[in-house]
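Student: Please take me through the salt bridges in this model, with a close look at one pair within a helix. Then set that pair beside the other parts of the structure.

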Amino acid sequence: MTNELKVYNPATGEEIASVAQHTKEQIEDAISRSHQAFKAWAKTSAHERANIIRKWFDLMIEHKERLAKIITKENGKPYQEALGEIVYAAGYIEWYAEEAKRIYGRTIPSHTTNKRLFVTKQPVGPVAAITPWNFPAAMITRKAAPALAAGCTFIVKPAEDTPLTAIELVKLGHEAGIPEDALQWVIGDGKEVGEIFTDSPLIRKITFTGSTPVGKHLIKNSASTVKHVSMELGGHAPLIVDKDANLELAVKQAMASKFRNAGQTCVCANRLIVHEDIHEAFAQVFSKEVEKLKVGNGFEEGTSIGPIINKRGFDKIVSQIQDAVDKGAKILVGGDTHFDDDKSYYFVQPTVLTHVDPSMNIMHEETFGPVAPITTFKTLDEAIELANDTPFGLAAYFFTENYRNGLYISENLDYGIIGWNDGGPSAVQAPFGGMKESGIGREGGIEGIEPYLETKYVSIGLDE
Ligand code: ADP
């Protein structure tokens with residue numbers, strides 16, 4: 001694992017940077033330094049860690065425009081969206097700077113008079129993170145901030161497509177006062193670096209955001225050293241619109257959920273499941289909004305849909321559309337592509353499909369692109385069954401003004417995140433994560449720091 005990793009702008013195919021990849025020896029050295037640094041960082045006071053981490057937040061906000069430009073360059077998302085990601089990502093740092101001071105233990109009443117029982121929390125140890133390209137900043141901060149706040153040290157291997165944001169974030173962390181060995185980045189091939197991390201007995205926890213097959217592989221490889229694992233994996237979000245929904249609100253929120261980051265997020269609505277009585281009205285209003293979306297370079301004013309990250313992603317989207325059409329789906333809007341294999345840029349026009357059915361790949365594979373298949377239902381139970389009929393369980397959305405139906409749907413959806421009349425439920429103070437094959441553990445909120453803590457029980461015996 002030597003030489004350079006080239007980074008490209010997915011909107012133009014231009015090379016924007018070249019980053020040295022780390023060798024196996026360098027990564028092992030980074031792990032060993034992380035292990036050494038842990039001894040001191042874990043012993044700092046909660047208030048000291050909180051102040052340093054808070055400074056990191058301040059620096060991120062101070063540099064938000066510069067960081068957002070890096071995201072748009074290497075990831076392609078529209079600049080305003082990139083700016084939104086930086087603020088969101090920084091929010092995790094601010095939240096966990098505060099949470100550092102609230103890592104509480106407890107005392108337990110004793111069953112005898114000559115004992116005192118108490119429980120404390122301590123950091124799990126050096127943490128290794130592997131992150132994806134779709135949120136080059138936020139997927140790092142919501143892991144690094146709670147880890148560091150808990151007293152763990154942290155090494156991140158960012159996605160090959162988007163290493164530049166990660167490097168800048170780590171530099172700002174050092175400027176804020178986080179010791180260099182307590183917060184590090186390494187660059188290399190996912191599989192190779194992943195194995196170095198999982199094989200090392202010094203790494204006590206692996207935290208990963210990415211695809212389900214890679215997550216399973218990391219869980220399996222972590223078994224040999226019994227590491228803690230947190231996995232934020234794939235999704236296949238259903239979005240149910242019941243017949244008594246506020247249609248205008250449902251369309252607005254469905255647009256936000258479906259087309260964020262050109263549909264390339266694990267919580268993007270993947271299957272629009274609409275009551276048959278309002279299906280036509282919904283499809284018409286939704287399609288009108290989709291037609292207004294402007295596809296282009298994220299730096300151009302008014303762009304709402306940027307490029308697809310790479311050819312692999314593009315090919316999957318195109319094949320899902322083709323497969324659906326071959327099996328009888330109708331394209332209501334979009335369906336066009338704009339790409340150049342020589343220059344390596346790929347765009348997909350936002351697309352709405354109707355007449356979809358469960359035989360089509362798009363109805364059971366994760367869709368990572370701006371394609372919205374709409375299907376119908378007659379009864380709520382049918383909608384819920386359709387929604388749950390997937391190995392995934394990350395995010396689900398539904399729209400109804402009827403509170404009884406709303407409670408019924410929310411209680412019966414097997415998903416970790418539910419948006420009721422809300423297409424964007426994610427918030428730094430709330431737990432984010434999936435059920436079933438969408439993952440293990442939660443990020444954000446008070447739940448998000450727990451995976452970086454060990455529980456220690458102390459029983460003290462006194463004289464008889
Ligand atoms: P995507 O298909 O969206 O790129 P991946 O799960 O392949 O999702 O990638 C997410 C992250 O996982 C990236 O940082 C990538 O380098 C890393 N990765 C890919 N394959 C492996 C692997 N076998 N082991 C560990 N990490 C991997």
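Tutor: Lys292 and Glu289 sit 3 residues apart in helix 10, so about one helical turn separates them. This is a predicted model, so treat each value as computed from predicted coordinates. The two side chains form a salt bridge, and their closest N and O atoms are 2.9 Å apart. How open is each partner, exposed or partly exposed? Lys292 has 61% relative accessibility and counts as exposed. Glu289 has 29% and counts as partly exposed. The cut-offs explain the labels: exposed means over 50%, buried means under 20%, and partly exposed lies in between.

Some salt bridges also share partners: Arg142, Lys143, Glu232 and Glu443 are joined into one network that way. In total, the structure holds 22 salt bridges.

Take one pair from that network. Lys143 bridges to Glu443, with 2.9 Å between the closest N and O atoms. Lys143 belongs to helix 5 (residues 138-150), while Glu443 is in the loop between strand 21 (439-440) and strand 22 (453-461), so the pair ties together parts that are 300 residues apart in sequence. Lys143 is buried, at 0% relative accessibility. Glu443 is buried too, with a relative accessible area of 7%.

Now a pair between two loops. Lys378 and Glu276 meet in a salt bridge at 3.8 Å, N to O. This pair links distant parts of the chain, 102 residues apart. Lys378 lies in the loop between strand 16 (371-377) and helix 12 (380-388). Glu276 lies in the loop between strand 11 (269-275) and helix 10 (279-292). Lys378 is exposed, at 55% relative accessibility. Glu276 is partly exposed, with a relative accessible area of 39%.

Next, a helix in the interior. Of the 14 residues of helix 6, 11 are buried, so the rest of the structure largely encloses this helix. Among the buried ones are Pro163, Leu164, Ile167, Leu169, Val170 and Leu172. Glu168 is also on the buried list, as are Thr165 and Gly173. What span should helix 6 (residues 163-176) have at 1.5 Å a residue? The expected value is 20 Å, and the end C-alpha atoms are 20 Å apart, which agrees. Gly177 follows helix 6 and has a positive phi, near 115°.

Turn to a pocket. The second largest pocket holds about 250 Å³ of space. Its lining has 17 residues; Tyr8, Asp161, Ile309, Asn310 and Ser344 lie nearest the centre. Which strand gives the most to this lining? Strand 1 does, with 3 residues. Strand 1 (4-8) and strand 14 (345-348) each supply at least two lining residues.

Last, the surface. Tyr403, Leu407 and Trp420 form a nonpolar patch there, with about 310 Å² of accessible area together. Tyr403 is in helix 13 (residues 403-412). Its relative accessibility is 52%, so Tyr403 counts as exposed.

Back to the starting pair. Lys292 and Glu289 bridge within helix 10, about one helical turn apart. Lys143 and Glu443, by contrast, tie together parts 300 residues apart in sequence.

Note on methods: Residues are numbered from 1 along each chain as its sequence is written. This is a predicted model: local features need pLDDT of at least 70, side-chain atom pairs count only at pLDDT 80 or more; totals for chains, interfaces and linings use all residues. Side-chain values use heavy atoms; hydrogens and water are left out. Patches are made of residues with over 30% relative accessible area and no salt bridge: like charges are joined within 9 Å, nonpolar side chains (Val, Leu, Ile, Met, Phe, Trp, Tyr) within 5 Å. Accessible areas come from the Shrake-Rupley method with a 1.4 Å probe; for residues, only the protein chains shown count as cover. A salt bridge is a side-chain nitrogen of Lys or Arg within 4 Å of a carboxyl oxygen of Asp or Glu. Helices (H or I, at least four residues) and strands (E, at least two) are DSSP runs, numbered from the N terminus. Buried means under 20% relative accessible area, exposed over 50%, partly exposed in between (1.4 Å probe, protein chains only). The expected span of a helix is 1.5 Å times one less than its number of residues. On a 1 Å grid over the protein atoms alone, a cavity is a set of points where a 1.4 Å probe fits but cannot get out, and a pocket is an open set with protein on both sides within 12 Å along at least five of seven lines; lining residues have an atom within 4 Å of a point. Grid points are joined across faces, edges and corners, and a volume is the space filled by probe spheres set on the points.
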